[in-house]
Amino acid sequence: NGNEWAINIVDSAVKGEINNIKLNAAATLDINHKGELAPSEVILDYGDVGVKLKGYSDQQWHVDGTANIANTNSWLKNIESNLSAKIGISGPIQNPDISLQGEFKKLLIANLSSGVISFDAKYRPMNNHEYQLTFTSLLMQWNDHTMNNVNFSSRGDLTKQQLNLAWFGD
């Protein structure tokens, strides 16, 4: 059947450089088109980026991981920060819940800055791409304006979305 696929990588590693940036990757991965994931682990270190995922599936997803970027400006021009996040995949195999929680530290985008912006994202791709996204910061500077207790949130799916923004200050 043309819709069936499987990936099986056993105890593999790649070391080297891409564009003069060190790359270290290691993986044991066994997954197929049904979402059946045998105990697997993927580790990627590329320059100042580190991603680690580990887990398996039975009737449910059991995947956890981390992502860290020491300097986002290496990847996104005009955005400076450190990014750290926890990644999770849970829920039924045929309807996964994907979550991402973390922080941007020392964020600077054009005239906007903050010591810490926390974020929480949830995504359900098989549920009409349902999502929920929240960014919060106790203190932000925008040009000469100071904003306290900033909260931006969005939720929705492919057909309907909702945005909220609230803050105290200038």
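I7 is partly exposed, with a relative accessible area of 37%. This residue sits in strand 1 of a predicted model. I7 also belongs to a nonpolar surface patch, which W5 and I9 complete. The patch covers about 260 Å².

**The sheet**

Strand 1 opens a sheet of 11 strands. The sheet is open, and its order is 1-2-3-4-5-6-7-8-9-10-11. The pairing is antiparallel. Which strands stand at the edges? Strand 1 (6-18) and strand 11 (161-169) do. Each has a single partner strand, so one side of each is left without a neighbour in the sheet. On average, neighbouring strands are turned by 10° against each other, direction ignored.

Strands of a sheet pair through backbone hydrogen bonds, either parallel or antiparallel. One pairing here can be followed in detail. Strand 9 (residues 130-142) and strand 10 (residues 145-156) run antiparallel and are joined by 11 bridges. W142 stands opposite H145, a residue of strand 10.

**Aromatic pairs**

How many aromatic pairs does a search of the whole structure find? The search finds four. A pair of aromatic rings is described by the distance of the centres and the angle of the planes. Two of the pairs share F119:

| Pair | Type | Centre to centre | Angle between planes |
|---|---|---|---|
| F104 and F119 | tilted | 5.2 Å | 45° |
| F119 and F135 | tilted | 6.3 Å | 45° |

The pair of F104 and F119 links distant parts of the chain. F104 lies in strand 7 (residues 97-109) and F119 in strand 8 (residues 112-124). The two residues are 15 apart. The pair of F119 and F135 reaches from strand 8 to strand 9, so parts 16 residues apart in sequence are tied together.

Is F119 buried or exposed? F119 is buried, because its relative accessible area is 9% and buried means under 20%. F135 has 27% relative accessibility and therefore counts as partly exposed.

Ring pairs join these residues into a wider group. The cluster consists of F104, F119, F135 and F152.

**Summary**

The model shows an open antiparallel sheet of 11 strands. An aromatic cluster includes the buried F119 and the partly exposed F135. W5, I7 and I9 make a nonpolar patch at the surface.

Technical notes. Residues are numbered from 1 along each chain as its sequence is written. This is a predicted model: local features need pLDDT of at least 70, side-chain atom pairs count only at pLDDT 80 or more; totals for chains, interfaces and linings use all residues. Side-chain values use heavy atoms; hydrogens and water are left out. Two strands pair if DSSP finds at least two bridges between them. Helices (H or I, at least four residues) and strands (E, at least two) are DSSP runs, numbered from the N terminus. Axes are lines fitted to C-alpha atoms, for helices over the stretch in contact, and angles run from 0 to 180 degrees between N-to-C directions. Rings of Phe, Tyr and Trp (its six-membered ring) pair if their centres lie within 6.5 Å; planes under 30 degrees apart count as stacked, over 60 as edge-to-face and the rest as tilted. Buried means under 20% relative accessible area, exposed over 50%, partly exposed in between (1.4 Å probe, protein chains only). Patches are made of residues with over 30% relative accessible area and no salt bridge: like charges are joined within 9 Å, nonpolar side chains (Val, Leu, Ile, Met, Phe, Trp, Tyr) within 5 Å. Accessible areas come from the Shrake-Rupley method with a 1.4 Å probe; for residues, only the protein chains shown count as cover. A salt bridge is a side-chain nitrogen of Lys or Arg within 4 Å of a carboxyl oxygen of Asp or Glu.
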